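Work through the exercises below with the sequence and the coordinates open. Each task is followed by a solution in steps.

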Amino acid sequence: MRVALIGVAVVLLVTACGTKSGTGTTGTTGSTPTPASGELPAQVLAFQADGSAPGRFAALSEEPIRLDAFAGWFGGAGWLEKTPEVKAKPDTAYLAVTDSTDCRAPESVQVSRSGNDLTVAFEGGTDRPECVRGVGPLAYLALPADKVAGVETVNSKPLVAAEGPGKLVDLVPLGPVKAHPLAAELPGADSIQAQLRGAGADTSKIGKALDGELPAGERGFAFLESGCEATGAVLLLSHREINAGLTGEKTACVAPEYFLATFTVAARNVPKGAVIPPR
């Protein structure tokens with residue numbers, strides 16, 4: 001099935017897709033029969049034809065994917081359009097995938113399966129003789145969950161985590177304390193500790209989150225963020241900034257709450273020159 005796209009901007013075709021909470025691949029080798037090979041029905045949720053992904057990255061998830069978090073694998077959060085609002089829909093899996101197409105901005109995307117591998121082909125567009133930078137398109141697709149059960153690779157490459165390279169270590173709810181957003185690199189984060197002590201926050205909740213020892217080869221970051229009954233957080237990496245976003249928030253609450261989110265990430269996955277922006 002070929003999915004035609006209009007222009008090179010993000011195209012939003014649906015607003016309700018997904019399945020139960022949880023990230024990672026759908027299905028496990030050996031536990032689910034491998035569906036028959038062939039072309040798969042794919043619904044386009046977003047398409048960025050003129051992106052700048054440096055190669056092939058793909059994540060397959062049982063729940064909607066935050067594209068800005070996924071793009072942390074290649075420092076692409078800075079050029080992505082806003083992730084479309086997609087609600088969970090039963091029996092649906094989500095695929096975020098990039099490619100390198102040299103100087104060609106594609107116009108459509110096709111998905112097929114062979115064994116435990118998905119082939120995602122970015123098709124159409126005009127091959128130009130030269131360009132200022134190579135084109136790295138991104139597609140965000142919804143697929144029938146049963147059709148991608150047991151998939152282990154996309155375009156012959158292993159899947160990456162949908163939430164990006166950052167690992168959420170702690171998410172500490174602090175309630176409606178009198179604070180303001182702040183961020184710092186770990187260990188320590190003295191500025192955050194000082195602000196929370198001054199706000200009367202329970203420091204017993206934050207000491208372990210901020211003072212833990214970092215694994216070798218990893219960096220740590222802490223973010224004090226306001227939100228509405230958040231249930232998670234993701235690390236957002238671009239070539240300019242190191243940031244974070246809360247997830248699972250309610251649309252309304254009596255008063256904004258503060259959350260302390262701490263992350264670790266392999267140092268090699270933090271783009272050179274990226275910094276924590278002023279708050």
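The exercises go from the whole chain to a sheet, a helix, an enclosed strand and the disulfides.

**Exercise 1. Overall composition**

Task: State how many helices and strands there are in the protein, and what share of its residues count as buried.

Solution.
- Step 1. The model is predicted, and local features need pLDDT of at least 70.
- Step 2. The protein has 3 helices and 16 strands.
- Step 3. Of its 279 residues, 48% count as buried.
- Step 4. The accessible surface is about 13300 Å², with 52% of it belonging to carbon and sulfur atoms.
- Step 5. Take the contacts between residues at least 6 apart in sequence: 80% of these join residues at least 24 apart.

**Exercise 2. The sheet with β11**

Task: Give the order of the 4 strands in the open sheet that holds β11, and find which strands stand at the edges.

Solution.
- Step 1. Reading across the open sheet, the order is β11-β16-β13-β12, with antiparallel pairing.
- Step 2. β11 (167–175) and β12 (182–186) each have a single partner strand, so one side of each has no neighbour in the sheet and these two stand at the edges.
- Step 3. From one strand to the next, the twist averages 15 degrees.
- Step 4. β11 and β16 (residues 257–266) run antiparallel and are joined by 7 bridges. To fix the register, note that P173 stands opposite F259 in β16.

**Exercise 3. Helix α2 on the sheet**

Task: Determine which strands helix α2 lies across, and which residues of α2 are buried.

Solution.
- Step 1. α2 (residues 190–198) lies across β11, β12, β13 (218–227) and β16. Its direction makes an angle of about 135 degrees with β12.
- Step 2. The residues I192, Q193, Q195 and L196 of α2 are buried.
- Step 3. These residues cover an arc of only 165 degrees around the axis, which puts them on the same side of α2.
- Step 4. As background, an α-helix has 3.6 residues a turn, so residues three or four places apart point the same way.
- Step 5. The buried residues of α2 pack against β11, β12, α3 (207–211), β13 and β16.
- Step 6. On the face turned away from the buried side, α2 carries the exposed residues D190, R197 and G198.
- Step 7. Just after α2, G200 has a positive phi of about 80 degrees.

**Exercise 4. Strand β5**

Task: Establish how many residues of β5 are buried, and locate the bridge partners of A59 and T92.

Solution.
- Step 1. Buried means under 20% relative accessible area. By that cut-off 7 of the 7 residues of β5 are buried, so the strand is largely enclosed by the rest of the structure.
- Step 2. Split β5 by side-chain direction: T92, Y94, A96 and T98 point one way, A93, L95 and V97 the other, and all are buried.
- Step 3. β4 (residues 58–61) pairs with β5 in the antiparallel sense over 4 bridges. A59 has A96 in β5 as its bridge partner.
- Step 4. β5 also pairs with β8 in the antiparallel sense, over 7 bridges. Here T92 has P144 in β8 as its bridge partner.

**Exercise 5. The disulfides**

Task: Which cysteines form a disulfide with C103 and with C228, and which parts does each pair tie together?

Solution.
- Step 1. Apply the cut-off of sulfur atoms within 2.5 Å. The count comes to 2 disulfides.
- Step 2. C103 pairs with C131, the sulfur atoms being 2.0 Å apart. About the S-S bond the angle is -75 degrees, and the link of C103 and C131 is left-handed.
- Step 3. C103 lies in the loop between β5 (92–98) and β6 (108–114), and C131 in the loop between β7 (117–123) and β8 (138–144), so the pair ties together parts that are 28 residues apart in sequence.
- Step 4. C103 is buried at 13% relative accessible area, whereas C131 is partly exposed at 29%.
- Step 5. C228 pairs with C253, with sulfur atoms 2.3 Å apart. C228 lies in the loop between β13 and β14 (232–237) and C253 in the loop between β15 (242–247) and β16, so this pair ties together parts that are 25 residues apart in sequence.
- Step 6. C228 is buried at 8% relative accessibility, and C253 is partly exposed at 31%.
- Step 7. With the bonded cysteines numbered in sequence order, the pairing reads 1-2, 3-4.

Note on methods. Residues numbered from 1 in each chain as written. Heavy atoms only, no water. Pairing = 2+ DSSP bridges. Axes fitted to C-alpha atoms, helices over the stretch in contact; angles between N-to-C directions. Contact = heavy atoms within 4.5 Å. Buried < 20%, exposed > 50% of the residue type's maximum accessible area, 1.4 Å probe, protein only. Arc of directions from axis to C-beta. Areas by Shrake-Rupley, 256 points an atom, 1.4 Å probe, with all protein chains shown as cover.
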